Amino acid sequence: MFAAPWFLVGGLIAVAGLTVVHLMHRRRYRVVRWAAMDFLLQAVRRSRRMLQLRDLLLLLMRGSFLLLFALGMARPYWPGQTAFDPSSGVHAVLIVDNSLSMGYGELGHSLLDDAKKQAEAFLRGLPAGSRATVLAAAGSPREWLLGAYPEIDDALAALRDISPVDRTPDLARALEHAAEACRRVPSPATKRIIVFSDCQRTNWEDEGLRTAAQGFGRGIEVRAVRPASPSNAWVQAVYLRDRFCTRQEAAVFTAQVGLSGLRPRLGVEVTLLIDGVPTASQVVDLQPNQLREVIFPPVPLPVSPVAESVEWIWAKVALPPDALAADDSRSALIPVFSGFPAIFVDQVGQDEAIAGGRLGETYLLRRLLTAGEGEDVSAADLPLTAVTMDRLTRELLAGARLVVVAGVRAPGRQAELLTEYVSLGGNLLIAAGGEFDPAAWTRDTWDAGLPLLPTPLRPVPFDVRGANGGDFASILQWDADSLRDECFRIAGMASEELVALFRTPFFFRIVEPDADALRGEPASIPEAEVSRAPWLSWRNDDRTPQIVTFTPRSADEKGTTGAGIVNGRSVAAAGGNETEVALPPRITARFTNGSPFLMERSLGRGKVLLMTSGLAREWNTLAATPAVVVLDRLCRRLIEETLERRNLSAGDSLTVLIPPAYRGDFCRIVKPDGTSEPVAAGALGTRQWGAEIGSLPKQGDYRLQWFDAAVTPAMARPAPLATPRAELPFAVGCPVEESDLQYLDDAELPSVTNGSIASAAGEGLDRAQSSGLWRYFILAGAIFLFAESLYLASPRSEVRP
C-alpha cells in the first residue's frame, strides 16, 4: 500500500517512456548492404556486443533510478501501518487517559492538563476536512461517544469536559470503541489512533489490551505524559484489627500506607478521624516501594443513642497532601455491634461452673473472642455465655449472626431449626469434640433429609493414638499446603513463619466424612424451610434498601450474566434471586493424612462449616498453641460476611434494591463534595425494584437518602430542611494500583502491545507517518544515478577495425 500512489504511476510511465526511446534509438539508422564493407563485419562484431551491453546497462540504471525514486515518493507501507497525507483530512480517534494517576500535579498543573494541552494542539493542527472522536479511557461525562465530531471545535469542547476520576483506565475497552468508531465513520478514510497516557505499568501490561491492540497492526500512536521524578504516598486500606467491635470495647484501627519513588519520607504524620473528628495520630517513616502497617492505639468509640443491633461509623485515615492528592486519604465504614452477635452451644451450656471446673467445649473460644488488646485470656471477663441444644429457640437465634455448636452429642429436633436459620442467612460452625457422636449427627441431619452437615460422617471417630498403638510420631498435623481458608492467611507473616505456626498444634481425634453414604446430588433444602417468612431481626431485606455491587465483566465473560454481591453473598444479576439450594461441600483445610479438617458448604443464604476436631484439649492441642488465633479469625470472618457491603471500590457497578415501602419516595445521592442529584428508580426484574447507579467517579463518603413522598414537593425535590426518611451511607475507595507510580518507557511500549505501537513520545505526531522504507528506495535510486554518471564519465579506449 502507498500513501501517494500517483508518484508510483508517474514513475512507471517514465520507465516505460525510457524503454521506448531506447528501442527507437536502436532502429534509428537504415541498414544498407554494401559488399565492400562485408570484410569489416567480423572486425566490429566484438565492438557491437560491447555497445549493446553498455546500452542495456545504462537502460537498467536509468530505469532503476526512476522506479526507485517513484517508489520512495509514493511512501509505501505495510497493511495495518499508518500512512498519512498532511494535506488531506483524517479521522482522528483520541484516547485520553483520565485515571487517578493522571491527577499527579507538578508546578500547578497535572499530567491530565498536559495531555489535554497536547491533544488540543494536535486537533488544531489537523487539516481541513478532518473529523475527530474523543474517548476518555476511565470514563467522562460524555461516556464512549462513538461518532465523530464534524467540527474540530466540538471535539475541543469534548476534550475540555474530560476530568480526572478515581478509577483505573480500561484501555482495552477504549481500543475496542476506537475500532467501532472507525467502522462507523467511513470518511475520511485515513484513520489515526492516538493515546495520551502516563503509561502506568499495571494498566498496559494487560492481556486484554494486547489482544485489542492486535487489530490495529502498527496503527496506534502513544503520547506518553510522565512526571520527571515521581514520588507518591498513599493510604491503601483502613480497617479494624478485629474486623468489627462492640460498643463496650475500644477499637483498634490499622492503616496500610505505601510510598513509591526513589527517596524515603521521614516523619510523616498519619491521622485517624472518627466521624470527621481527629482522634489519634502516628508519626512514621516511609521507605520507597514498601507497604507499612500503622496501628493506632485503642480509641473509645462515640456513644450513640441508636438502639439497633449494629450501627456504622466513619473512619478516615489521612496523610499530608502531596503531588497526587486523590489517594492521600481513605474512608471506611466500620460496623459496631451492641453486643457480640454470636450464640454458643455446647454440652454444658448454662450449667457451666468455672469454680467447679465444669466447662463447656466452647469455653476457651469464648475467652479468646472477648480478650482485649494485651489482655491475658485467662483473666478476661466472659460476657459470652453458652446454652445447651434443648434451650435453643427461634427467639434466641433471631439476633445472632453466627452459631457455634461444639461438643454436642446430637442436634436432635433442633436440626430443623438450625437448617432454617442457615437458609435464612445465618452462619453455623459445627465442631466435634466433647460428646460429639458422628453417627447421631448423621441420623438427625442427612438421614432426616436435612443437609445441615456438609457430608455424612463415619459412625466412629478416628483416634490416632488407638490406631497407631500410642505412636505419637503418627499424630496428625495440618497440611500447610491445603490451608486455603482466609483465616489461615495472617497479614504481616512470611510464608515460612506461617508454616512454623501451623506445625505447632497436634490432633489426636477427628471425625471423617463417609464417602460411601454420599451418593447422588447434594440434598436440597426442604420446601418447608425455603417458604418460611424470614424471622432473623438483622435480615431486613423487605424493610430497608440494600446495596448490590457487580464486578465489571472481563473480555471472556461477554454475553454472560454478571454476578453481584449483596450482604456478602453472591447473587445473580439485577433482577435475580439468591440461590436457595445446598451446594456441594468445599474442603478448605486438611490434615497430613489427607483427611479434612475444615469443610464448608453454602446452604441457602448462609453457610455451614464443619471442624472435624474439637475446641478443647481432649481432642487436640490447638487451644494451647498460638495457632488458636485462626479460630478467632474464622468466627469473626463468618460474622463479617453477614454484614451489608458498605465499603466499595470506584470500579464497582452499583445497584440499590428498594423495598416496596420506599418505591414512591424521592431518592437522592449525596456526594463527597456535598452536592446531590436525584436517583431514578425502576423495575429491575420480577418483584424487584431498584436504581442502577453504575460506577462512581470519585472516592469518598456517599449517602443515599429517601424522603417521604407525602412531604416531598410535587417537583420531586425535598425541602431544604426536610429530614430523610432513611439514609444508606457507603464509602468508595480508589484503586490502589493507580497509586504505585511505575511507568513503562518508550522502548517497552511496543513489546507489551505485540508491536502495535507505530510511534511513541518524542516523535512528531502531526507529520505524515509511513514506513521508513521510502528513505532506502530514494537512497538506492541515488546510488544507481551516481553509478550511471561514473560509468559515462569513465575513459574508454577507441576500438579500431
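This passage walks through salt bridges, one buried strand residue and two open sheets in a predicted model.

A good place to start is with charge. Side chains of opposite charge can pair when their charged atoms come close. A search of the whole structure for such pairs, known as salt bridges, returns 30 of them. Three are described here, one by one, together with a network of shared partners.

In one pair, R201 and E748 form a salt bridge, with 3.3 Å between the closest N and O atoms. R201 belongs to helix α6 (residues 201–204), while E748 sits in the loop between β34 (726–733) and α16 (749–752), so this salt bridge ties together parts that are 547 residues apart in sequence. How buried or exposed are the two partners, R201 and E748? R201 has a relative accessible area of 26%, which makes it partly exposed. E748 is partly exposed as well, at 25% relative accessibility.

The loop between β34 and α16 appears again in the next pair. Here the side chains of R226 and D746 meet in a salt bridge, at 3.0 Å from N to O. D746 is the partner in the loop between β34 and α16, and R226 lies in the loop between β6 (220–224) and β7 (232–240); the pair thus links distant parts of the chain, 520 residues apart. R226 is partly exposed, its relative accessible area being 29%. For D746 the value is 27%, and this residue too counts as partly exposed.

The pair of R636 and D632 has another setting. Their salt bridge brings the closest N and O atoms to 3.2 Å. Both residues lie in helix α15 (residues 629–640), four residues apart, or about one turn of the helix. R636 has a relative accessible area of 4% and is buried. D632 is buried too, at 10%. Elsewhere in the list of charged residues, D485, R586, E600, K607, R637 and E641 are joined into one network by salt bridges that share partners.

Two members of that network, D485 and E600, also turn up around T588, which they touch. T588 is found in strand β24 (residues 586–590). With a relative accessible area of 1%, T588 is buried; the cut-off for this label is under 20%. Which residues does T588 touch, leaving aside those up to four places away in sequence? The full set is S482, L483, R484, D485, F488, L598 and E600.

Attention now turns to the sheets. One open sheet has five strands in the order β27-β34-β33-β29-β30, and its pairing is mixed. At its edges are β27 (647–649) and β30 (676–678), each of which pairs on one side only. From one strand to the next, the twist averages 30°. Within this sheet, β29 (residues 666–670) and β30 run antiparallel and are joined by three bridges. R668 has P678, in β30, as its bridge partner.

Another open sheet has three strands, ordered β7-β9-β12, with antiparallel pairing. Its edge strands are β7 and β12 (290–295), and each pairs on one side only. Here the twist averages 20° from one strand to the next. Strand β9 (residues 253–260) pairs with β12 in the antiparallel sense over six bridges. Opposite L259 stands Q290, a residue of β12.

Key:
Residues are numbered from 1 along each chain as its sequence is written. This is a predicted model: local features need pLDDT of at least 70, side-chain atom pairs count only at pLDDT 80 or more; totals for chains, interfaces and linings use all residues. Side-chain values use heavy atoms; hydrogens and water are left out. A salt bridge is a side-chain nitrogen of Lys or Arg within 4 Å of a carboxyl oxygen of Asp or Glu. Helices (H or I, at least four residues) and strands (E, at least two) are DSSP runs, numbered from the N terminus. Buried means under 20% relative accessible area, exposed over 50%, partly exposed in between (1.4 Å probe, protein chains only). Two strands pair if DSSP finds at least two bridges between them. Axes are lines fitted to C-alpha atoms, for helices over the stretch in contact, and angles run from 0 to 180 degrees between N-to-C directions. Contact means heavy atoms within 4.5 Å.
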